[in-house]
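Work through the exercises below with the structure open beside you. Each task is followed by a stepwise solution.

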Amino acid sequence: MPKQQKQNSTDRIQEFVSKIKDNQIRSIVEDVIDVEISYRSSSRKNFPTQKLRDIIDGHIKAVD
Amino acid sequence: MKLEHLELNNFASYHDKHMISLEVKEGKPLIIVVGQTGYGKTSLFDAINWVLYSEDYERDLSKSRSRTILDFINETAIKELANIPQTGKMSVTLRFTHRLVTYIKSVSIVFTVKKNKDGTIQAIEKNRISSFKRRNENGDMISIQHEKLFLDEILPNNVKSYFLFDGDRIYNLANPGNSQEVKDAIYRVVDLEILKNAEDHLAELAREYARKAKKESSGELNEKQETYNQELENQQELKDSVELIKKELKSIKDKIEKIENRLADLPASEKLQAKKQRLIDHISSKEEEELRIKQSLRSKFAVASYKLILPEIKSLHKKIDDKRKKGDIPKHVSETLINDILEMGKCLCGVKFNKDSDMCKNLLKRLEEDRGKSEKEHGILRILYDLQAVQENIDETTKELSEKEDVLNHLNDEIHQLRLDKQEIENELDKLPQENITVLRKNLKDLNNERDRLNREDGESKILLKQVETNLKELDKEIKALNKQQKTSAVLQERSMVSRKASGILEELYASFAEESRKEVEALTIDEFKKFVYSSSSYSVQLSKDYELQVLDSNGNRALQRMSMGQSQCLSLAFITAISRVSQKRPPLVIDMPFSRLDHKTHAAISERLPKLSEQTILFLIPEVEWYEGTKIILTSKAAHIYELDFNEKKRQTTIEQIK
């Protein structure tokens, strides 16, 4: 899906998320919300928890 | 999103192919489809839903209307295949644009026909084909891989019911005690659920990392990790408990409000019931009086009927009287007088006579001659008196009949008026609840007690939650200090802490996002509602923190239950428009029978506003009831296309005629 459309439809959430002062947490929350949006549109059977683990791992490694 | 073109093939009452353009123009955002009930309006509504949401819509159909999509295959198309071993096809294709890109979505079912033993024939699904394509810059149609994901971005299935809806749904949104429905709408349409789910998933991840960290730790750190995990579990349990209490409180509040509204209407209902009973008693006593008069009249009718021969009676009376006066009827000498004279032997003049005298003989002769005449004269006189009495009786009875007829007419008028009054009260009572006030008051008391208990429990849980959060912060510090020696556990613990922190921030974000969305929806609803009806200026609209759509009168009293059906519907439409604007999804509005429950005055008010609600509004209207001179004048100039549906009863098929 074109990135532009995804951004437009969640404009209000993005705007709120951008207010998070902690850079690390803001980045994590942005990525987690992307996963949630994709999941909402899926068959909603198995939530991709591994994707969230990867986000947390990735951000902690990035800080290290 | 703008719908452009709909094509149906053997769908519901649409046999073979039917096409309908839904393209709107600037200044003409309406598409109007007019058709009687059963002519296929709702089938168009179903077709749009099916082609967009396929399996999801089929699940809704089965749940809400106990129908399967196979029930929509056209009857004639099935019959045509009854004796031919071939397949048929039912399909719907929708072309729409979204952000200047054209999309075509199509769904079809290939079917065969099976003959049952009882002679009925039914369609059997053989295959299902669906496609979703978009036009690229070169004009080629490219398949879209993740249909659901894509549609969800445009008009998610879980919010479609707020944009593709019928009149009943509009009405329900603004009913007292429907705050959960209103909250759901905001929760889904403005994407609050995404934030909530993200918060929950991160909290779960924090617990998972904490459990792993404990496994990797040893000694004092292991003990601290155990306590930390326990506190995390406690925190989650308390959060779940607070959430549950909140839901229960909301549900109880809705119930309390519904009962209070019913109770508010009950005194009026009781008063009307009493008035109705008084009228019933009054009608009954009047009817008894009417019956008595009718019975008394029955005996008079026979007498009064002689009025028909009254002229003859009068004429006879006159003839006899005339004859008597003329002396045609013999007069007799009084027998008693002659007998007295004969007895005394002396005339009245004093002349004496004896029995042998001529005078005595003459008197005896006269006495003999007049014998019998006396009876005849008496008889005639009796007839004369009787005739006189009959005349008087007939006159009196006729007069009495005429008077009683007047009384009966008056009674009839009174009974008719009383029955009208009773009907009017019954009509009013139909609108009001007929319930047992004692039971309702008891239920209200129980609910209030339950609310108080939950409020106490909520307060206690929140205090405990604060305590748990303080404990967790303390443990964070202690574990960090101990972690210096145990690297693996330290990494896992850090992940847990980051996840927990992100979840906590999302919790705060959710609260402020929800509150801001609520305020935005409230402001837009107020604005829209004012534009809908001039009479709304005396009301002020509120969307409370509990998502209760409330209307206050000029004295600040709740007035939702006092609003007319039209005003309630306007409020719902104002709310739907508001959430649509806040969501920025700009979907089309597809409304099935928006005016069917409203009076003509309200039609005009809503008609004026409908073209301004969305860039595209598709209306399904019933002729005469919703589509008549009043609405035609207002809506026609704003309509890009108007279609009229016709239904052939014999063939059971719908045809579409474009009238604009």
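**Exercise 1. A hairpin in chain B**

Task: find the residue in β2(B) that is the bridge partner of B:L6.

Solution. This is a predicted model.
- Step 1. The bridge partner of B:L6 in β2(B) is B:I20.
- Step 2. Count the bridges: β1(B) and β2(B) are joined by six, and the two strands run antiparallel.
- Step 3. Turn to the hairpin that β1(B) and β2(B) form, with two residues between the strands. In this hairpin B:A12 has a positive phi near 55°.

**Exercise 2. The sheet and its helix**

Task: give the strand order of the open sheet of six strands in chain B. Then explain why one side of β2 and of β7 is left without a neighbour in the sheet.

Solution.
- Step 1. The order reads β2-β1-β4-β5-β6-β7, and the pairing is antiparallel.
- Step 2. β2 (14-21) and β7 (141-143) of chain B are at the edges. Each has a single partner strand, so one side of each lacks a neighbour in the sheet.
- Step 3. On average, neighbouring strands of this sheet are turned by 20° against each other, direction ignored.
- Step 4. Look at one pair within the sheet. Strand β1 (residues 2-11) and strand β4 (residues 88-98) of chain B are antiparallel and joined by seven bridges. B:L3 has B:F96 as its bridge partner in β4(B).
- Step 5. Add the helix. α1 (residues 41-65) of chain B packs on the sheet and touches β1, β2, β4, β5 (101-115) and β6 (121-135) of chain B. The direction of α1 makes about 80° with that of β4(B).

**Exercise 3. One residue in β5**

Task: decide whether B:F111 is buried or exposed.

Solution.
- Step 1. Place the residue: B:F111 lies in strand β5 of chain B.
- Step 2. Apply the cut-off. Burial needs 20 or more other C-beta atoms within 10 Å.
- Step 3. B:F111 has 23 other C-beta atoms within 10 Å, so B:F111 is buried.
- Step 4. List the contacts, leaving aside neighbours within four places in sequence. They are B:I73, B:T87, B:G88, B:M90, B:A123, B:I124, B:E125 and B:K126.
- Step 5. Check one C-alpha distance. B:F111 and B:R128 are 17 residues apart along the chain, and their C-alpha atoms are separated by 8.9 Å.

**Exercise 4. Cores and burial**

Task: state how many residues the largest nonpolar core has, and which have the most contacts inside it.

Solution.
- Step 1. The largest nonpolar core has 87 residues. B:I32, B:A47, B:I48, B:L571 and B:I579 have the most contacts inside this core.
- Step 2. Follow one of them. Not counting residues up to four places away in sequence, B:A47 touches B:L6, B:L8, B:F11 and B:V92.
- Step 3. Another core, of 35 residues, lies apart from the largest one. Among its residues are A:I33, B:Y209, B:L492 and B:L506.
- Step 4. Set this against the whole of chain B. Of its 660 residues, 30% are buried. Contacts between residues 24 or more positions apart account for 74% of the contacts in chain B with a separation of 6 or more.

**Exercise 5. Where the chains meet**

Task: say which element gives the most residues to the side of chain B that touches chain A.

Solution.
- Step 1. Count the residues: 26 of chain B are in contact with 28 of chain A.
- Step 2. α3 (147-154), α7 (192-216) and α14 (487-532) of chain B each give two or more residues to this side.
- Step 3. α14(B) gives the most, with 10 residues.
- Step 4. Sort by class: the side of chain B that touches chain A has 14 nonpolar, four polar and eight charged residues.
- Step 5. Now chain A. Its secondary structure comes to four helices and zero strands.
- Step 6. Helix α3 (residues 23-40) of chain A packs with α14(B) at an angle of about 75°, their axes 10 Å apart. That angle makes α3(A) roughly perpendicular to α14(B).
- Step 7. A:I25, A:I28 and A:V29 of α3(A) make the contact with B:V498, B:K501, B:A502, B:I505 and B:L506 of α14(B). By class, the residues of this contact are seven nonpolar, no polar and one charged.

Terms used. Residues numbered from 1 in each chain as written. Chains lettered and ligands numbered in written order. Predicted model: local features only at pLDDT ≥ 70, side-chain atom pairs only at ≥ 80, totals over all residues. Core = buried A, V, L, I, M, F, W, Y, C linked by C-beta atoms within 7 Å. Buried ≥ 20, exposed ≤ 12 C-beta atoms within 10 Å, placed from the backbone. Contact = placed C-beta atoms within 7 Å. Nonpolar A, V, L, I, M, F, W, Y, C, P; charged D, E, K, R; others polar. Pairing = 2+ DSSP bridges. Axes fitted to C-alpha atoms, helices over the stretch in contact; angles between N-to-C directions. Parallel < 35°, antiparallel > 145°, perpendicular 65-115°, else oblique.
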